[in-house]
Amino acid sequence: MLMTSAVSRTPGLLRLALPLSVLALLGIAGCGDSDSTEASPDLPEGQVRDSAGVSILEFPASDGRMAGPQWDVDADLRIGVESGDPELEFGQIAGITVHPDGRIIVLDAQASRIRVFSPEGELVHAFGRAGQGPGELSLGAAGLFMDSEEALLVPDMMNQRLSRFSLDGESLGSTPLDFTLGIPLLWMAEPDGRVLFQLRTLDMMAMTTGGGPGDVEDLILARHPDGSGLDTLAVMPSGETFGMGSSGIPEIRFFAPELVWTVLDGGTLVTSTNDRFSLEFRSEDGELRRIVRRPGSGPEVTEGQRRAFRDAIMDAWSEAGVPDEMMGMMSEAIGFHSHWPTLAALFPGPDGTVWIQSVDPERVLGEADQLDFTDPAALTF
């Protein structure tokens, strides 16, 4: 079965590929007994101690770079065309899942279509259309998952619901999403069909007065496919990438601390913030069981790297038709954290392990500090 950790999105084409940057396999069991912690041979020897029933594994300090093999793109399968059959052109890929028999199911949010392909990449059938009615999808479709009954789950932000489909395209109903609780940011699903999502709570007073990141929280919530139950598994500091300045103008701060998380096959929730190496392992009901950490931070962001990102963003805005009189104000809203992220993403690995993706600035920008958005390295870090 084809396994993929990242998707390179090129207009008209779907490429399944291994992620770029550095990936290290952290061989630590999910949430077993506190004495069963086992570190991977690739990692330095750490010290284990216990704190109120939570095992803590601490590794020596490092320069923030992960030990492990370097991975390059290896295209196992290529699906789609640059132009021609509309069912083979992709606009905005919002989710991919793989059936146990190898069929590849792709959600194209721009087309409001779900397409099913054979293991060899041949189109089997497609279904879905734009709209707000039963079985219809919006541009806000934000993911595609398969539950334990092999039904497809689609979080649809603009329609404010979690929609469910059979593999044949039949609508199996939907569950409303309550946006008064906050904004869902990232979705994942467990094999048993439970859906986990990251919710950013809203403090409208803080947003209008320029409040800091401490005014909001990020929650990891769990919901059953039938809509019953909404359990809080973790409460984390809110991300700092987006905010409101003192003048009321939105601000974006690249490389700022953000929550990263994943869920393992056995239901273990793994969380961290991307500015540090400190993984927290929680049981299926959210109880903290283990912490794995190591001092250190990502590489410092240089002035040349800041300039490269700013120039690339300004060029993109100009091509999108942003008026010249607004470009200066929007440029002032761009800021940068002092260091690159220590962790870029977490993925479930085999046998209860966690794959950790880190950032290699040299592979993203190159020696000349030139950012190329067509380069997969710039898309997958």
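## Overall composition

Helices and strands are here runs assigned by DSSP, with at least four residues for a helix and at least two for a strand, numbered from the N terminus. On this basis, the protein chain of this predicted model contains 5 helices and 27 strands.

Of the 381 residues in the protein chain, 47% are buried. Among contacts with a separation of 6 or more, 52% are made by residues 24 or more positions apart. The protein chain exposes about 18200 Å², and carbon and sulfur atoms supply 51% of this area.

## The sheet S7-S8-S9-S10

Two sheets are described in turn. In general, the strands of a sheet pair through backbone hydrogen bonds, in either a parallel or an antiparallel manner.

An open sheet is formed by 4 strands in the order S7-S8-S9-S10, with antiparallel pairing. Strand S7 (93–98) and strand S10 (123–127) each have a single partner strand and stand at the edges, so one side of each is left without a neighbour in the sheet. On average, and with direction ignored, neighbouring strands of this sheet are turned by 15° against each other.

Within this sheet, strand S8 (residues 104–108) and strand S9 (residues 113–117) run antiparallel and are joined by 5 bridges. One residue pair illustrates the connection: Asp 108 has Arg 113, in S9, as its bridge partner.

## The sheet S15-S16-S17-S18

A further open sheet consists of 4 strands in the order S15-S16-S17-S18, and its pairing is antiparallel. The edges are occupied by S15 and strand S18 (230–237); each has a single partner strand, so one side of each lacks a neighbour in the sheet. Neighbouring strands of this sheet are turned by 20° against each other on average, direction ignored.

S15 is joined by 6 bridges to strand S16 (residues 195–200), and the two run antiparallel. Leu 186 has Gln 198, in S16, as its bridge partner.

## A nonpolar patch at the surface

Which residues make the nonpolar surface patch of about 230 Å²? The patch is made by Ile 183, Leu 185 and Leu 186. Leu 185 belongs to strand S15 (residues 183–189), an edge strand of its sheet.

Is Leu 185 buried, partly exposed or exposed? Its relative accessibility is 43%. Buried means under 20% and exposed means over 50%, with partly exposed in between; Leu 185 therefore counts as partly exposed. Leu 186, another member of the patch, is also the residue whose bridge partner in S16 is Gln 198.

Terms used
Residues are numbered from 1 along each chain as its sequence is written. This is a predicted model: local features need pLDDT of at least 70, side-chain atom pairs count only at pLDDT 80 or more; totals for chains, interfaces and linings use all residues. Side-chain values use heavy atoms; hydrogens and water are left out. Two strands pair if DSSP finds at least two bridges between them. Axes are lines fitted to C-alpha atoms, for helices over the stretch in contact, and angles run from 0 to 180 degrees between N-to-C directions. Patches are made of residues with over 30% relative accessible area and no salt bridge: like charges are joined within 9 Å, nonpolar side chains (Val, Leu, Ile, Met, Phe, Trp, Tyr) within 5 Å. Accessible areas come from the Shrake-Rupley method with a 1.4 Å probe; for residues, only the protein chains shown count as cover. A salt bridge is a side-chain nitrogen of Lys or Arg within 4 Å of a carboxyl oxygen of Asp or Glu. Buried means under 20% relative accessible area, exposed over 50%, partly exposed in between (1.4 Å probe, protein chains only). Contact means heavy atoms within 4.5 Å.
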